[in-house]
Amino acid sequence: MIFPLLELTTSAAMLFPVPRFRLCFFFFFVFFHAVNSQNLPGKWDLLMENAGICSMHTAVTRFGTVVLLERTNNGPTQLKLPGNKCRFDPNERVLKRDCYAHSALYDPATNRLRPLRIQTDTWCSSGQFLPDGTLLQTGGDFDGFRKIRQFRPCPADQLCDWVELNHTELEFGRWYATNQLLPDGRVIIIGGRAAHSIEFYPSSLPLVQFPFLAEVQDPQMDNLYPYVHLLPNGHLFIFANTRSILYDYASNRILHEYPKLEGGPRSYPSAGSSVMLPITAAYGHTRAEVLVCGGAAYGAFIKNDVDSPTQGTCGRIVATDLKASWQLEMMPSGRIMGDMVMLPTGEVLIINGAQTGSQGFDKASNPCLNPVLYRPDAVLGLRFMTLTPTTVPRMYHSTAVLLPDGRVLVAGSNPHYSYKFNGNFPTELRLEAFSPEYLSPDRANLRPLVLEAPEEVRYGAGFTVVVETAIPVVSVVEVNLASAPFATHSFSQGQRLVKLAVSPAVPMAGGGRLRYTISCTAPPSANVAPPSYYMMFAVNQGVPSVAKWVRVSH
């Protein structure tokens with residue numbers, strides 16, 4: 001049986017009473033939004049007034065649909081499971097008979113969603129897409145502590161749902177861990193609360209002890225959700241608290257420790273965020289830079305100091321250069337819980353979060369309403385651009401992911417233990433989309449349309465992409481591959497952008513239309529782009545096409 005898609009139209013007035021912000025923030029917001037929002041780049045759109053659940057984990061599938069996922073022990077959501085298919089758990093703290101959905105599949109193309117059925121608690125869990133496009137989801141709390149789940153996506157008009165693996169489980173329970181797809185198609189699962197170890201899926205090795213995480217732990221546990229990036233040399237860059245290492249997972253050896261990043265803790269619960277900047281053909285796909293931004297002042301979490309100013313610095317380092325040191329930059333303002341989204345252009349959108357406090361339930365205030373654009377190729381000191389503010393605070397358990405059409409989907413925000421629709425920062429069930437400046441109407445004639453592209457490419461192989469444009473192409477059209485990460489707790493696990501080697505666009509003869517062929521070379525190895533599905537964007541003068549999904553394989 002295929003359940004129909006559900007379109008939710010619950011009244012905003014009933015679900016979202018106007019929050020009572022602090023007086024100083026209220027006056028700042030009214031003044032700033034009224035005077036400046038029309039003069040800043042970018043555009044916000046409300047997609048859905050009530051998605052039914054507050055998504056703390058979000059991921060985009062190869063069919064363009066979006067998996068929304070929260071926790072199961074939070075009481076009733078506002079999205080019912082179809083067919084009275086309730087979940088029974090005598091050990092459940094809130095609802096022993098739970099007929100509510102705690103996951104959903106959203107289709108941006110139709111602006112509809114349908115409920116999904118998750119069985120075990122996914123609170124503060126981790127995830128990653130496998131090479132075949134299946135979403136692997138691991139750990140959580142309570143009955144989900146050692147669980148492994150899979151979601152094999154399907155077209156939006158078909159039925160697919162979560163599958164809980166009953167005969168395979170994690171070797172060690174993991175809560176606040178990080179997952180990363182490896183060049184050989186396995187997923188490495190690193191850390192978690194009181195979990196100073198590493199394991200793999202599929203399981204191929206015994207549990208690997210990882211004392212680095214114990215070394216960087218402090219009294220407020222600033223070693224959770226470590227930032228993990230697969231470098232083009234095949235090793236892992238792992239950052240926790242203020243320290244970072246180059247790790248050879250094959251031999252379980254730390255090859256190098258980078259200089260300490262100054263400015264205080266950056267990992268959960270003092271969470272800033274991190275992203276690996278684009279891996280480009282200009283450097284032979286061998287150079288990788290890592291950016292870490294924001295974070296809470298040490299002690300803000302322990303003291304529950306919601307007014308403690310946050311870090312305004314970013315650290316940037318060439319992770320493939322063992323002689324490199326951190327280069328510090330200043331953001332327009334301090335920020336914690338900010339999501340860093342790699343855009344198709346290679347620029348980074350920093351969105352969501354707060355200016356004071358720390359990460360956790362009721363531990364922050366002064367939301368960051370303005371996204372910030374980070375332009376990595378600009379001159380130091382001119383890399384940040386403040387963008388159009390939202391009217392919706394997005395704080396703890398908010399998420400942001402790149403959609404194939406170039407917009408950024410924003411979901412969640414639930415800075416307290418259960419759904420609560422009053423107070424300063426209510427539970428947020430609205431879905432929004434932020435459109436970067438490259439989607440503005442005055443750039444529409446630059447936007448390429450991908451007419452032809454392969455469905456699968458093999459490492460190092462040449463292939464051709466055909467694009468159509470409204471006006472003649474006057475510069476190189478980039479072809480860039482963007483992964484589909486698992487976004488949670490201010491870090492997108494597995495996020496990367498690879499800029500391919502391309503030839504200049506060659507006009508196609510006949511037909512009277514502006515069509516061009518672009519000769520491309522696939523990533524040289526799985527170290528550069530581990531085997532999986534990627535969004536392939538053609539980018540013309542900084543304006544991306546709608547992506548085509550392509551599978552990169554051996």
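Visitor: Is Leu409 buried or exposed?
Guide: This is a predicted model, and Leu409 lies in strand 32, residues 408–412. The cut-off for buried is under 20% relative accessible area. Leu409 has a relative accessibility of 1%, so it counts as buried.

Visitor: Which residues does Leu409 touch, not counting residues up to four places away in sequence?
Guide: In sequence, Leu409 is 118 residues from Leu291, and the two are 22 Å apart in space, C-alpha to C-alpha. Leu291 is not on the list of contacts of Leu409. That list holds Leu47, Thr58, Val66, Tyr106, Thr399, Ala400, Val401, Leu403, Leu431 and Glu432.

Visitor: Which residues touch the most other members of the largest nonpolar core?
Guide: In soluble globular proteins, nonpolar side chains tend to be buried together. The largest nonpolar core here has 74 residues. Those that touch the most other members are Tyr106 and Leu431.

Visitor: What does Leu431 touch, leaving out residues up to four places away in sequence?
Guide: The contacts of Leu431 include Leu409 and Tyr106. Also among them are the charged residues Asp45 and Arg394. The full list is Asp45, Leu46, Leu47, Met48, Ala51, Leu68, Tyr106, Arg394, Leu409, Val410 and Ala411.

Visitor: How many residues are in the second core?
Guide: The second core is separate, and Tyr227, Tyr258, Val450 and Ala526 are among its members. Its number of residues is 43.

Visitor: Which residues lie nearest the centre of the largest pocket?
Guide: The largest pocket holds about 600 Å³ of space. Its lining, by class, has 14 nonpolar, 5 polar and 10 charged residues. Of the 29 lining residues, the ones nearest the centre are Thr345, Gly346, Glu347, Pro376 and Asp377.

Visitor: Which strand gives the most to the lining of the largest cavity?
Guide: There are 7 cavities of 30 Å³ or more, and the largest has a volume of about 100 Å³. It is lined by 14 residues, with Gln128, Leu181, Ser483, Gly494 and Ser532 closest to its centre. Two or more lining residues come from each of strand 8 (126–129), strand 12 (178–181) and strand 44 (532–540). With 3 residues, the one that gives the most is strand 44.

Visitor: How do the residues lining the second largest cavity divide into nonpolar, polar and charged?
Guide: About 90 Å³ of space lies in this cavity. Strand 25 (339–342) and strand 31 (398–402) each supply at least two residues of its lining. Among the lining residues are Val341, Met342, Val401, Leu402, Ser483 and Arg496. The division is 9 nonpolar, 2 polar and 1 charged.

Visitor: With which side chains does the side chain of Asn179 make a polar contact?
Guide: Asn179 is found in strand 12, and at 0% relative accessibility it counts as buried. The residues it touches include Gly127, Val187, Ile189 and Gln493, not counting residues up to four places away in sequence. Its side chain makes one polar contact at 2.9 Å and another at 3.0 Å. The partners are the side chains of Ser126 and Thr138.

Visitor: Where is the peptide bond from Tyr201 to Pro202 placed, and is it cis or trans?
Guide: Most peptide bonds are trans. Pro202 is found in the loop between strand 14 (197–201) and strand 15 (208–209). The omega of the bond from Tyr201 is near -5°, and the bond is cis.

Visitor: What is the omega of the peptide bond from Tyr268 to Pro269?
Guide: Pro269 is in the loop between strand 19 (253–257) and strand 20 (273–276). The bond to it from Tyr268 is cis, with omega near 10°.

Visitor: Is Asn84 buried or exposed?
Guide: Asn84 lies in the loop between strand 3 (66–69) and strand 4 (87–88). It has a positive phi of about 55° although it is not a glycine. The cut-off for exposed is over 50%. With a relative accessible area of 54%, Asn84 is therefore exposed.

Visitor: What is the relative accessible area of Asn366?
Guide: Asn366 is found in strand 28, residues 364–367. Its phi is positive, about 55°, although it is not a glycine. Asn366 is partly exposed, with a relative accessible area of 21%.

How values were computed
Residues are numbered from 1 along each chain as its sequence is written. This is a predicted model: local features need pLDDT of at least 70, side-chain atom pairs count only at pLDDT 80 or more; totals for chains, interfaces and linings use all residues. Side-chain values use heavy atoms; hydrogens and water are left out. A nonpolar core is a set of buried Ala, Val, Leu, Ile, Met, Phe, Trp, Tyr and Cys residues joined through side-chain atoms within 4.5 Å. Buried means under 20% relative accessible area, exposed over 50%, partly exposed in between (1.4 Å probe, protein chains only). Contact means heavy atoms within 4.5 Å. On a 1 Å grid over the protein atoms alone, a cavity is a set of points where a 1.4 Å probe fits but cannot get out, and a pocket is an open set with protein on both sides within 12 Å along at least five of seven lines; lining residues have an atom within 4 Å of a point. Grid points are joined across faces, edges and corners, and a volume is the space filled by probe spheres set on the points. Helices (H or I, at least four residues) and strands (E, at least two) are DSSP runs, numbered from the N terminus. A polar contact is a pair of N or O atoms within 3.5 Å; within protein, one must be able to donate a hydrogen and the other to accept it, and residues adjacent in sequence count only if both atoms are side-chain atoms.
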